[in-house]
Amino acid sequence: MIEGVLITFNLPAMHFLLRTLLTAFLFSLATNGWLAREAAAQDDQDRFERALELYQEGRFTDAATRFSAIDIPEAMLFTGKSYFAAGQYKLSSHYLNRVPTNAPEQIYDDSRYTLALNDFQTGNFGRALDRLHILKEDASIRNIRGSADRFYDQTMNYLTVEQRKTAFYQSTLPEVQLELVTAAFNWVDRQTAGTLVNTLEHSLVEMQDSAAVVYLHEQLNGMSNTARSEHGRAPDGITYDIGVALPDSEDEAVLNISRSMYYGISQAAEEFNRRNNDRKIALHYGNPGDGEHSPEHVMTDFAWINNADLVIGPLFSDSAYRMTRLAEQYRIPLITPLANSDTLNLDNPYVYQINPTFSQRGRAMARFAVNELGLTNLAIITERSTPAEEEAYAFRDEASRLGAEFVHIFNENFEAQGYNVSEITPWFAGDTLNIDTEKYELKPVDGLFLATGGPGGSNLINLVMTDLEALRSNVVVLGNEEMGNAELSAQQLRRLDIYYPEIFHTDESREEVGNFRVDYRNSSGMEADRFSFIGYDVATYLFRTLEEVQNPARLKDAIKKQPVHNGLTVNIDFSRGNINQGLRIFQLQPQGPVEAL
C-alpha cells in the first residue's frame, strides 16, 4: 500500500491565488477582445479604403457593392452616395436611411443632404426642400449648411408652376410653402401669382392674417400681367437622366446600327459634360425586344428606375409605337431617330420623329415645287401599294392646296407589268416629233413627281429618265429619296432638272465633320458611319435644348421653339409640330448633288 501525501489548504493564500488567476483571465479576455475589435476595425478600414478607390475611379456600382458589406455608418453613407452617383436613387435612399441618428454629425448630416438630392432627382421637390430647409438652419457642419442653403435657393427658382404646386402639397413645413409662393413672384404673371397666394391662404389657415400674406397681396399690385421670359437656372450638381432604347440584336446589321448610334449619343453627352462643370448627362441603356425586354418594359424601367428626363430611340416604328402610350402616360419626351411611320405620332405631344413620314416628305416636295420653283401644272408617276404612294398623294394634296393643277396622275403596279412605261412617258415629250400625235395630245406639264419604292424602284427611275431624255422632255423631275441613289448618265443630268429630298446627308467638306470623325475614332476605337452622325446630331440638339431651358419639364414645349439645328448629317426643325421639318432638297448635277434648299 502506497502511503498518501497529506495536503492542507491555507485559505487566505487560496483566495489570493483565485483573485490573481481571475484578474489575469479577465485581463486576457479584455485584451483579446480589444485586439479583436482593433483587428475588425482595421479590416473595415482597409475594405472601406478599397471601396473608396472604386468610388473615386467612377466605378460607382462596384463601390456600392463593397461599401454595403461594411457595417459602419461611413460605409452606409458612401453606399448611398455611390448608388446616387450611379443614378439608382431608390437604392441610394434605402442605404442613406440606414445611417443611424447617433452617427457622427458630419456623416448624419451628409446622409440627409444626399437624401435631399435623391428627392430632387426623383421629382419629390417638396420633400427635398423640407430636408434642405432643416439642414441650412441646423446642420452642424458649415460646408453642408452652405451647400443646403445654396441648393435650396436654386431649387426655389428652378421649378415650373406645376412643379411648384406639387412641391407645395408635398412639403410639411409652412416656411417652405410660403417661400414656394414668394419665389414664384420672380417668374409668373400677376394672375398666376394671385392664384398661388389664395392657395397659400386656404392651406395655411393660421397665416391668413399674417404679415407675410399681407405683404404678398401688396406685391401683387405692382406685378406685370405677363410672365417673365427667362427662368431660374438648374441647381448645381443636377443630373439629367437620359434613356437610350436601342436593340441589342442577333442581326449583325441591326447591332452595328445600335452600336454606332449609341457611341454618337455618348460623344454628345461627353461634350455636354465637358461644357458644364456643375451638371451632367447620365445615359441609361435599354434593349427593346421581346419578353421581359419588351418596349413597354424598357419604357417602364426608364420611368420608374432611372427617372428618365427624356428617351432617345428606339430604331423601328413597331417598337416606337409600343412605347408612345407610356411616353405620354409618364410625361417623358420620346425622340425616335429613324422610325418614320405615319401612324406613330398620332398627335402624341410627347413623341418627336426625327425621320419625317412619307406623307411629310411628299408635302415638303410640293411646297418646294410650287413655292420655290413656281411650278403650276404637275403630274405624278408612282408605284401602287408602296409607301411611295402615300408620298405621292400627300404631294398632290399639298400642291393642290397651294394652287397647282394636276394634268396627269399615273398610279400603276409597275412590277406586275414588267416596268413598262412606254404608254406613260410620251405624255411628257418636249415636242411631237417622236410621238403618235393622234394618241398623245400634249398638254403643258412643267413638273413631274416621280415617287418610287420597293425593290424595283431604281428600275422604274432608270426607265422613265431614259425615255424623258429620248423624248427631249422639258419637265422638271421631282423625285423622292430613291432618286438620290439612282445611277443616271451624265447626259441625263445635263439634260434634265432633277430634284430630290434627303433627311440624312453628310457634307464631308465641313471641318466639323472631320473633327467628329477623329474624336469618334479616339473615343470608341471605331470609324464613324451615318448612324454615328445621326445619334450625335439628335443628342446634341436635345442636350443643347436642355442647356437652354435648364428644367426637363420645359423640354417638351421648348423643342418646338428651337431654331433649326443644322447638324452634321441631319437638320432638325420641329417648328410645325412633332415631325421634323428639316428635310433638305438637292439638285442632281453631273458633278454631284448640290443642295437647293
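This passage looks at the nonpolar cores of a predicted model and at two pairs of packed helices.

It is convenient to start with the interior. In the largest nonpolar core there are 81 residues, and Leu542 and Phe543 have the most contacts inside it. Helix α20, spanning residues 530-549, supplies nine residues, the largest share of this core. Leaving aside residues up to four places away in sequence, Leu542 touches Leu310, Ile312, Ile335, Leu555 and Ile559. Another core, with 27 residues, lies apart from the largest one; Ile424, Ile461, Leu496 and Ile498 are among its members.

The helix pairs come next. Helix α3 (residues 73-85) packs with helix α4 (residues 89-96) at an angle of about 170 degrees, and their axes are 7 Å apart. Because angles over 145 degrees count as roughly antiparallel, α3 and α4 are roughly antiparallel to each other. On the α3 side, the contact includes Met76, Leu77, Tyr83 and Phe84, while the α4 side includes Tyr89, Leu91, Tyr95 and Leu96. Sorted by class, the contact of α3 with α4 comprises eight nonpolar, three polar and one charged residues.

Helix α5 (residues 105-121) and helix α6 (residues 125-138) cross at roughly 155 degrees, their axes coming within 7 Å. This angle makes α5 roughly antiparallel to α6, and the crossing of the two is left-handed. Among the contacting residues are Asp109, Arg112, Tyr113 and Phe120 of α5, together with Phe125, Arg127, Arg131 and Leu135 of α6. The contact of α5 with α6 has eight nonpolar and five charged residues, with no polar ones.

Note on methods: Residues are numbered from 1 along each chain as its sequence is written. This is a predicted model: local features need pLDDT of at least 70, side-chain atom pairs count only at pLDDT 80 or more; totals for chains, interfaces and linings use all residues. Side-chain values use heavy atoms; hydrogens and water are left out. A nonpolar core is a set of buried Ala, Val, Leu, Ile, Met, Phe, Trp, Tyr and Cys residues joined through side-chain atoms within 4.5 Å. Buried means under 20% relative accessible area, exposed over 50%, partly exposed in between (1.4 Å probe, protein chains only). Helices (H or I, at least four residues) and strands (E, at least two) are DSSP runs, numbered from the N terminus. Contact means heavy atoms within 4.5 Å. Axes are lines fitted to C-alpha atoms, for helices over the stretch in contact, and angles run from 0 to 180 degrees between N-to-C directions. Angles under 35 degrees count as roughly parallel, over 145 as roughly antiparallel, 65 to 115 as roughly perpendicular and the rest as oblique. Ala, Val, Leu, Ile, Met, Phe, Trp, Tyr, Cys and Pro count as nonpolar, Asp, Glu, Lys and Arg as charged, and the others, Gly among them, as polar. A crossing is left-handed if the near helix is turned anticlockwise from the far one by less than a right angle, and right-handed if clockwise.
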